[in-house]
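Let's take a walk through this structure together, one neighbourhood at a time. Keep the 3D view open as you read.

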Amino acid sequence: MPVPVETLRRILKVEQSRGCLDTAVMGGLDKLLHRWAGQARQGITEPGVLLGFQGLHFEESSYATWDPERRHLWIEQALSWLETAEGAVVEATPPPQAVPAHPARPDKTAPTPPPPARRAGRSPRAPRPSEARSLDSPITTLPGVTPRLGAKLGKMGVQTVRDLLYFFPRRHLDRSQRAPISGLQVGEEQTLLATVWEARQTKFGVKRGTEAILGDDSGNIRAVWFNQPYLARRLPTNAQVVLSGRVGLFRGQKVFESPEWELLENGDLIHTGRLVPLYPLTEGLYPRQVRQLVKATVDDWAGRVDDFLPQEVRANGRLLDLPQAIAQAHYPDSPTSQDQARRRLAFDELFLLQLGVLSRKRKWQEDQPGRSLGPQPQVIEGLVGSLPFTLTAAQKRVLEDILADLARTRPMVRLLQGEVGSGKTVLAAAALLLAAANGYQGALMAPTEILAEQHFRTLGQIFGGGGQEGESCQVYPDLLPRPLRLALLTGSFRPSEKNHLQQLLAQGEIDIVVGTHALIQKGVEFQRLGLAVVDEQHRFGVLQRSALRQKGFNPHILVMTATPIPRTLALTLYGDLDLSVLDELPPGRLAVKTRFLMPEQRDRTYTFIREQVALGRQAFVICPLIEESEALEAKAAVAEYQRLSREIFPDLKLGLLHGRLSTADKDEAMRLFRSGELHILVSTSVVEVGIDVPNATVMLVEGADRFGLSQLHQFRGRVGRGVEQSYCLLLAQSPSPEARERLEAIVRLQDGFALAEEDLRLRGPGEFFGTRQSGLPDLRMARLSDAPLLEIARTEAIRLFEADPDFSQPQHEPLARELARMWQGQGEWS
Ligand code: ADP
Ligand code: MG
């Protein structure tokens, strides 16, 4: 029968009250402790509590041999640990076979004599928690990680021991410099090593807390913790404690307010007195708990990680070895080693990324040859000549790149990067027309239905058809021997319509199809796909390219994006793509005037919109982002639409657009807005990318603090597409400091590249491109702005790839495994 926590507590109290003479239980305390520990261990659910348990060494105690002072101290500590452990130690049920062998004693609540030692020794021990066997074991096999805790960590993407090793802190707090008490500065975060003179529970108003007096050679100071009365017991008099926190003033006296604390005797410092890691947390995860768990795991496991980088690469890059890098990334000895650790781990990401991307390119280009799409100058010149504008120099240059690629049999894989409004669509149109002129089919894929619909219309216009609407429109550039058949295909088409279109595509009855993801779904077959254009690639994913490959056809691919990426970075992220940059806007464009306004100024913005409408212009009003709920977002947009229609602009024509509308309603709203019949379009973020209504000059963004920098840049890109002065007005109610930084950046910077750099700086590694979405592995440590490291990683990757493109040499085996792991679930690479 296991001894309950409460019973153990009483036994220890009795022992304490009897002067720690080892008289509380017959046969001595040790036997009881050993037995209790063996049974309690498996029931301890919180890692923090478990660490305390381990620190007390119940299982190896030799109380009988200790002197009275040590006994006193130990009991003090054990009692205070039991207090924190309350509820965290699930009372273990005895192993079933133990029961019949030893009939249970009546469970007295008074000090219970332990069962005779011999029996305790023989009775089967409770099993220890199952031990993690490999780096790929689930975290719940780690000591102290309960299913509940495991689930919380799972939310943070941590599922295996390896994940936990790679669960890096967001940043570190520098608590390595210790100040003497006399040197503490008010208002600053400081660290102190001191002795506890006294710690006791106290009251702050109605709440209980802890107050302690601490001292060092230079003086004394008071420390207070609100809401943490139990701390008093955990800070024994004379203990050496390290404190980190802010010093305030109370009645003219310096006082430490709720500092982090740690007893020096507990071994390595992890919360104080060093560079302290700050981990990303979720509800129910606590900083101390995560730090302790990671520390224990790193201590146990980092050394067992295999360094997959070939020795040569490590030497060339002057890189730390992997186990060391992992350990130092969590608990660095110094800022320098922290930096080296980060550099090594960042290198790994970039290097593996580059290798994967190179493999992908090789596979793409060597698997099957593509079709040469001959230049046909009269077609291209005819198209260009029919446009209502002349191409910019940048457009001409990029068009030449594209035409040269298309003429080859090696399939093109080209990334076209161009600032919002730089005129990418017309280049796509030219390339698609060329495919058709060569007798092949072309496809243009857009990330949203609204954008696909717009492209469908735009192409119709560019090809000179003006085209009737409907499932497919025939356009008649007299450049081709026969009418060009253009079609639209999106996910919301009825199955019968879809089937019909799919049949036409498969029979080659359609030359150019515009659509959404629906284009790459199962069942869509082309007769002879020669070119696929993917617009606004950053929302799409590189991997979906593979879905465009058709039986016997390896199409040319043109990927277009308005996300500006510095060149080296683009080469790393999209090293499988050739790169063209449209670095020029059509002439006559004015910079969009951008203002950040407080909600009190909303009325003024309405007056302003009215003035613009009076001048014949139009406006967008974007409703706040409601994370993860399209339904709520739609509801909010409807409410805002009604409010504006009834109360603010009853005399104007307003339209509404959100993700929950039917396709027909979306089309209708866009059609009316485009044709100028609506003055104001109230919308959710669905108009974020690609929408092109040159007469719109005002972009009003409500709740602008909720949007990211690149989104704000995209919104702003919806205006300023004509020759009129345009305005972007950003409304935000008490933005957080981070949001304020974003808003200030967007007001200050027009240039997409500059904004991308800023975005990188503000958001830090990993999140910048939402690489997950784009079919690339996540980058956590790599700073995409770290050009020198990108360069080294790229050089080394190319060198290795050229020497061993299949990673089949034996010394590259661990590398091949790591590569597979990193690109796992990212599609094409294998
Ligand atoms: P994006 O690069 O953002 O996709 P679009 O292709 O939608 O830009 O073009 C933005 C607007 O500029 C469109 O209205 C388009 O007709 C117009 N445009 C494109 N090229 C030129 C040009 N060379 N001169 C003038 N206007 C142009
Ligand atoms: Mg576009």
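Rings of Phe, Tyr and Trp, the last taken by its six-membered ring, form a pair if their centres lie within 6.5 Å. With that in hand, and bearing in mind that this is a predicted model, we can begin with the aromatic side chains.

Ring pairs join W36, F58, Y63, W66 and W74 into a cluster. By this rule, the count comes to 13 aromatic pairs. Take W66 and W74: their ring centres are 6.0 Å apart and their planes stand at 55 degrees, so this pair is tilted. The reasoning rests on the cut-offs, because planes under 30 degrees apart count as stacked and planes over 60 as edge-to-face, with the rest called tilted. Are W66 and W74 buried or exposed? Both W66 and W74 are buried.

W74 has a number that falls within helix α4, which covers residues 68-85. Further along, that helix also holds E83. E83 is partly exposed, with a relative accessible area of 30%. What separates the C-alpha atoms of E83 and R9 in space? They are separated by 8.8 Å, although the two residues are 74 apart along the chain.

Next, look at the strands. H172 is found in strand β1, residues 171-174. H172 counts as buried, with a relative accessibility of 15%. Its C-alpha lies 5.6 Å from that of L278, and 106 residues of sequence separate H172 from L278.

Strand β2 covers residues 189-204, and E189 lies in it. Unlike a buried residue, which must be under 20% relative accessible area, E189 has 32% relative accessibility and counts as partly exposed. Here, too, the chain brings in a partner from elsewhere in the sequence: E189 and F256 are 67 residues apart in sequence, with 9.7 Å between their C-alpha atoms.

Now move to strand β6, residues 253-263, where you will find E260. How is this acidic side chain placed? E260 is buried, at a relative accessible area of 17%. Which side chains make polar contacts with the side chain of E260? One is R288, at 2.7 Å, and another is R291, also at 2.7 Å. R288 has a further role in the picture: its charged end sits over the ring of W261, 4.6 Å from the ring centre. R288 therefore links two topics here, the polar contact with E260 and the ring of W261, over which a charge is said to sit because CZ of Arg is within 6 Å of the ring centre and within 35 degrees of the ring normal. A second example of this arrangement is R344, whose charged end sits over the ring of F308, 5.7 Å from its centre.

Two loop residues deserve a look for their backbone angles. N227 is found in the loop between β4 (219-225) and α9 (231-234). Its phi is near 65 degrees, a positive value in a residue other than glycine. N227 is partly exposed, with a relative accessible area of 47%. On the other side of α9, in the loop leading to β5 (240-250), sits N238. The phi of N238 is near 80 degrees, again positive in a residue other than glycine. N238 is exposed, because its relative accessible area is 53% and exposed means over 50%.

One more loop is worth a stop. I520 lies between β12 (512-515) and β13 (529-534). At 17% relative accessibility, I520 counts as buried. The C-alpha atoms of I520 and M445 are separated by 8.9 Å, with their positions 75 residues apart along the chain.

Finally, turn to the ligand. How many residues surround ligand 1? There are 17, and the closest are G421, T425, R589, D692 and R721. By class, this shell has 5 nonpolar, 7 polar and 5 charged residues. A polar side-chain atom of T425 lies 2.6 Å from an oxygen atom of ligand 1. An N or O atom in the side chain of R589 is 2.7 Å from a ligand oxygen atom, while Q395 places a polar side-chain atom 2.8 Å from a ligand nitrogen. Taken alone, ligand 1 exposes 570 Å², and the protein buries 85% of that.

Methods: Residues are numbered from 1 along each chain as its sequence is written. Chains are lettered from A and ligands numbered from 1 in the order in which they are written. This is a predicted model: local features need pLDDT of at least 70, side-chain atom pairs count only at pLDDT 80 or more; totals for chains, interfaces and linings use all residues. Side-chain values use heavy atoms; hydrogens and water are left out. A residue is near a molecule or strand if one of its heavy atoms lies within 4 Å of it. A polar contact is a pair of N or O atoms within 3.5 Å; within protein, one must be able to donate a hydrogen and the other to accept it, and residues adjacent in sequence count only if both atoms are side-chain atoms. Accessible areas come from the Shrake-Rupley method with a 1.4 Å probe; for residues, only the protein chains shown count as cover. Ala, Val, Leu, Ile, Met, Phe, Trp, Tyr, Cys and Pro count as nonpolar, Asp, Glu, Lys and Arg as charged, and the others, Gly among them, as polar. Buried means under 20% relative accessible area, exposed over 50%, partly exposed in between (1.4 Å probe, protein chains only). Helices (H or I, at least four residues) and strands (E, at least two) are DSSP runs, numbered from the N terminus.
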